[in-house]
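Student: I should like to work through this structure in a formal sequence of questions. Please begin once the sequence and the coordinates are on display.

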Amino acid sequence: MSAASRTRNLLEGLVRESSFKWLLGKRSSFDEEIEEMGRSPSGGKNWISELSPIANIVVRRCSKIVGVPSSELQESFNAEASDSIKHSSSYARNFLEYCCFRALALSTQETGHLADKKFRCLTFDMMAAWEASAAASQPLLNLEDDLMVGLEAFSRIAPAVPIIANVIVSQNLFEVLTASTGGRLQFSIYDKYLSGLERAIRKMKTQSDSSLLSAFRSSRREKILEIDGTVTTQPVLEHVGISTWPGRLILTDHALYFEALRVVSYDKPKRYDLSDDLKQVVKPELTGPWGTRLFDKAVSYKSVSLSEPVRIEFPELKGHNRRDYWLAIIREILNVHRFMNKYHITGVERDEALSRAVLGILRIQAIQEITSANSIPCESLLMFTLCEQLPGGDLILETLANMSSLRESDRTNNHMASRGGMNSISALTMVTDLGFVFGSSSNYQAEAALAVGEITVGEVSSLERAVKEARNSYKKVVQAQATVDEVKVDGIDTNLAVMKELLLPPMKVGNWLLSLAYWDDIFKSSVFCLVVTYIIFRGWLGYAFALLLLFLAVFMVLTRFCNQGKAIDELMVTAPPPMNTMEQLLAVQNAVSQIEQLIQDGNIVLLKFRALLLSIFPQASEKCAITLVTTAVFLAFVPLKYMVMLMFLEMYTRYSPPRKESTERWMRRLREWWFSIPAAPVLLEREKEDKKRK
């Protein structure tokens, strides 16, 4: 039987199955397309035998968008793709990606494509087809209305439309969207997410097209990304010193503006720059009336251009979600400018980086609309802020910068590929298709558009590899932190008991060395003294330390092999008897008193050294100076190894039988000399509080 006949029989079987499901009331959205392909004279010709039924349907939709038959799309793919991409084991999936990228590059040019139900269905079905792209993976059509897709498919197809996701945050975004569905994405949630994106885009366009801050924004072509404080029930308060003003907060792609509210209008805006290198620090902060620190609902902004930090408060009855959202988006704009300044990114690539940050903020706004969770992990959904938190995040940013340099050099040559082919579209192309204009390249956007995005058909890009390595490292950090949280105990007495048990082996070694130093066993101490003296004399001290480190390494390796498959030995600690509240308070007070006593003793030592240095007590200073001169002469004329040997012998033999009596006598004289040194005087001056501070 010929291939055409087999294809025709397959289509007829699928049509019959679809009709049977229609009789049972289980007809799916794909059935009409299957029947149409079966009735079409060219249906068999355009059926790709390597693809599953759902993949064939998606490819057929793509061919309609591109305006090229499926068979011609396959011919183009075979001509453009390398041999490794066309390998039989991954041919179906790679060809499907190729068709998807070409179709999406054209679909996203349509105005309002996110609001189009067909576009949403198409992108979701692309993910479903990606999971079962090969003919062997799905021999019969078994599609229902409650299709769900997994993380791998979402992470591969969604970043091809940069407004939906990108490579760096796709996994975190997927986890947020599937929090209530057990790790599989439903179309209903995906549809709500894209609807939220469409509304967020319209809102941002309206804000950017407004006349707000026109005098300040015109020089840098700044675009407004978010506004807060316009609703009386959700005010924004600015704290500077002990003064507080309500007002309106505006975030642009370059700066943060605050307009204080007067009686009927707003005051002149204050500009807090995020684009220049001003050593800015943006962090959560506590605020309250008259400078008190009561409420954890504020953002603190500090830079070298300000004399004191500015705190922006977001009052709300419960929690601090509003503050967390603003903190995240402010940090994202700050971090994207730090990234561009660090790697000297300019021109179109600068606008590309800025577009990535803006799309991330739009995604946060969309998720806020559709989720009912009390808090959203905003910072984990913003790529530049996430890179500051991930282990190896600096390597992700470095990879991103290197990709920017390569794409900038190849931009002219690859311009014709920017609207489809083997690569996904760029974030800047996406932003342009959405109707935004960011940055300095707006005048030549059409001619200077970036060629490619983050995904390449059949390949794992350097950015994807860097993200995967960072996430693997992050998993190890999370696992390690989990063990840290498990072993934390409460109570000073309990923590001291744990510390005592942990320090027991070093304490035993220390006690053994002290017993040798005090010559409790004359034979052992004599042998130890001779061995160490010989090692120092021969210059083997470095080898001795190296041997000690080698012994520790061998011990760790042997322990690992001996304990393979065995349970981890737990540290057994005898818990002290429980204390009531009063006993705990007394223990804390006792600990504070001991710490205070240690600090006092340390200050006395420093003041006595100051007195010696300034010759406040001349006789003691003269003896100290003679000792320093003698030591300097020895250091200048005696070889180092002899100095070390003499120091060891002097310290180690202090309590040997011949020297014990004289050592005790000299130690007594040293203590008497030290106690006779007066402390340098100290004058405490209380700083007067400035009551008139604004």
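Student: How many helices and strands does the protein chain have?
Tutor: This is a predicted model, in which local features need pLDDT of at least 70, side-chain atom pairs count only at pLDDT 80 or more, and totals for chains, interfaces and linings use all residues. Residues are numbered from 1 along each chain as its sequence is written, and side-chain values use heavy atoms, with hydrogens and water left out. Helices (H or I, at least four residues) and strands (E, at least two) are DSSP runs, numbered from the N terminus. On that basis the protein chain has 24 helices and 10 strands.

Student: What percentage of the residues of the protein chain count as buried?
Tutor: Buried means under 20% relative accessible area, exposed over 50%, and partly exposed in between, with a 1.4 Å probe and protein chains only. The accessible surface, from the Shrake-Rupley method with a 1.4 Å probe and, for residues, only the protein chains shown as cover, comes to about 39,600 Å² for the protein chain, and carbon and sulfur atoms hold 60% of that surface. Of the 694 residues, the buried portion is 41%.

Student: Which residue spans does UniProt list under "transmembrane region"?
Tutor: The record is an unreviewed entry; its positions are given in the numbering used here, feature names are shortened, and annotations may be inferred rather than shown by experiment. In the model, one listed span is 100% helix and 0% strand, with its end C-alpha atoms 28 Å apart. The other is 92% helix and 0% strand, with 24 Å between its end C-alpha atoms. The spans that UniProt lists are residues 543-562 and 625-649.

Student: Is S424 buried or exposed?
Tutor: S424 is found in the loop between helix 14 (393-410) and helix 15 (427-434). A polar atom of its side chain lies 3.4 Å from the backbone nitrogen of E454; a polar contact is a pair of N or O atoms within 3.5 Å, where within protein one must be able to donate a hydrogen and the other to accept it, and residues adjacent in sequence count only if both atoms are side-chain atoms. S424 also lies 9.3 Å from E97, C-alpha to C-alpha, although 327 residues separate them in sequence. Because its relative accessible area is 2%, S424 is buried.

Student: With which side chain does the side chain of S303 make a polar contact?
Tutor: S303 sits in the loop between strand 9 (295-302) and strand 10 (310-313), and its relative accessibility is 6%, so the residue counts as buried. Leaving aside residues up to four places away in sequence, S303 touches L278, K279 and Q280, where contact means heavy atoms within 4.5 Å. The polar contact, at 2.8 Å, is with the side chain of S305.

Student: What is the phi of K279, and why does K279 count as exposed?
Tutor: K279 belongs to the loop between strand 7 (270-273) and strand 8 (281-287). Its phi is positive, at about 55°, although the residue is not a glycine. K279 counts as exposed because its relative accessible area is 57%.

Student: How many aromatic pairs does a search of the whole structure find, and what is the geometry of F77 and Y98?
Tutor: Rings of Phe, Tyr and Trp (its six-membered ring) pair if their centres lie within 6.5 Å; planes under 30 degrees apart count as stacked, over 60 as edge-to-face and the rest as tilted. The search finds 20 aromatic pairs. F77 and Y98 form one that is tilted, at 5.4 Å centre to centre and 55° between the planes. This pair links F77 in helix 4 (residues 70-80) with Y98 in helix 5 (residues 91-107), 21 residues apart.

Student: Which residues form one aromatic cluster with W519?
Tutor: W519 lies in the loop between helix 18 (504-517) and helix 19 (522-537), and its phi is near 60°, a positive value in a residue other than glycine. At 13% relative accessibility, W519 counts as buried. The residues that cluster with W519 are W512, F528, F648 and Y652.

Student: Which backbone oxygen does the side chain of S621 reach?
Tutor: S621 is part of helix 22 (residues 618-637), and its relative accessible area is 9%, so S621 is buried. Beyond four places in sequence, S621 touches A611, L612 and S615. At 3.0 Å, its side chain reaches the backbone oxygen of L612.
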